[in-house]
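Let's take a tour of this protein, starting with how its strands sit side by side and ending with one of its pockets. Have the picture open while you read.

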Amino acid sequence: MSNAIVIIPTYKERDNIRAIIDAVFALPKEFHILIVDDNSPDGTPEIVEQMQAYYNQTEHKLHMVKRPGKLGLGTAYITGFKYAMDKGYEFILEMDADFSHDPKDLINLYLACSEGKSDVAIGSRYATGVNVVNWPIGRVLLSYFASSYVRLITSIPIRDTTAGFLCYRKKVLETIPLDQVKFVGYAFQIEMKFLAWKYGFVLEEVPIIFTDRTRGESKMSAGIFKEAFFGVLQMTVQSWFKKYIPLGQSS
């Protein structure tokens with residue numbers, strides 16, 4: 001059994017899902033895959049089921065959780081985290097289905113945690129400048145300054161605070177109280193990094209090149225940015241009145 005699983009949330013990703021699964025399974029490091037689908041009406045889960053029949057003949061390595069509807073990116077990942085921990089995976093990765101994250105970079109994220117000292121490895125667009133392809137300049141600036149805003153408010157030493165391409169050691173997800181994570185959209189990624197940092201885990205940014213999707217529909221919306229902007233302030237203020245006790249330590 002592989003010690004690492006890649007969680008890929010999906011909603012209406014029929015144009016990408018077959019190719020992204022094949023690409024991950026073609027890597028020299030064996031990763032398992034968990035698809036968390038929010039009742040895609042375009043046939044995405046049916047494609048995954050067809051691929052399960054092929055890939056799971058000798059080993060159950062393509063998993064899927066089907067949810068009843070669009071419940072938010074954050075809850076999709078939390079569902080995936082709990083599933084992966086229950087199955088005993090030591091390294092739990094997350095990525096998008098649309099090839100904005102290059103599957104080949106999964107190996108570098110994994111190695112940063114498995115062979116390096118990192119507890120959380122972040123596929124960072126801004127660790128070495130601005131490494132984004134096919135985004136309009138307005139969106140690049142919005143994303144870049146959103147991360148700058150988060151660093152200013154929270155003091156977290158991460159340049160790409162909104163990144164959604166990560167590898168976690170299992171102990172990080174065991175320590176963070178997942179049922180208390182508040183945000184479901186864009187701010188979810190910020191909150192998870194913030195909590196990992198507050199609990200004293202080692203976060204490392206691994207440079208990547210982010211390429212905007214060429215197929216399928218973007219899920220970004222104004223409401224997602226609003227949640228992030230106001231949520232970061234609320235999260236930071238609330239953190240002043242909390243104790244973050246690492247797993248296995250008593251108060």
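Start with a single pair of residues: Val36 has Val65, in S3, as its bridge partner. Keep in mind that you're looking at a predicted model. Zoom out a little, and you'll see that strand S2 (residues 32-37) runs parallel to S3, with five bridges between them. As background, strands in a sheet pair through backbone hydrogen bonds, and the pairing can be parallel or antiparallel.

Now for the whole sheet. What is the order of its seven strands? Reading across, it goes S3-S2-S1-S4-S7-S5-S8, and this open sheet has mixed pairing. At the edges are strand S3 (62-66) and strand S8 (203-207), each with pairing on one side only. On average, neighbouring strands here are turned by 20° against each other, ignoring direction.

Two helices lie against these strands, and here's how they compare:

| Helix | Strands touched | Angle |
|---|---|---|
| H1 (residues 17-25) | S1 (4-10), S2, S3 | about 160° to S2 |
| H3 (residues 73-86) | S1, S2, S3, S4 (91-94), S7 (166-169) | about 150° with S1 |

Last stop: the second largest pocket, with a volume of about 200 Å³. Its lining has 16 residues, and those nearest the centre are Lys182, Glu191, Leu195, Lys242 and Tyr244. Sorted by class, the lining has eight nonpolar, four polar and four charged residues. Which helices each supply at least two residues of that lining? They're helix H7 (186-198) and helix H8 (222-239), and H8 gives the most, with four residues.

Technical notes. Residues numbered from 1 in each chain as written. Predicted model: local features only at pLDDT ≥ 70, side-chain atom pairs only at ≥ 80, totals over all residues. Heavy atoms only, no water. 1 Å grid on protein atoms, 1.4 Å probe; cavity = no way out; pocket = protein on both sides within 12 Å on 5 of 7 lines; lining within 4 Å. Points joined across faces, edges and corners; volume = space filled by probe spheres on them. Nonpolar A, V, L, I, M, F, W, Y, C, P; charged D, E, K, R; others polar. Pairing = 2+ DSSP bridges. Axes fitted to C-alpha atoms, helices over the stretch in contact; angles between N-to-C directions. Contact = heavy atoms within 4.5 Å.
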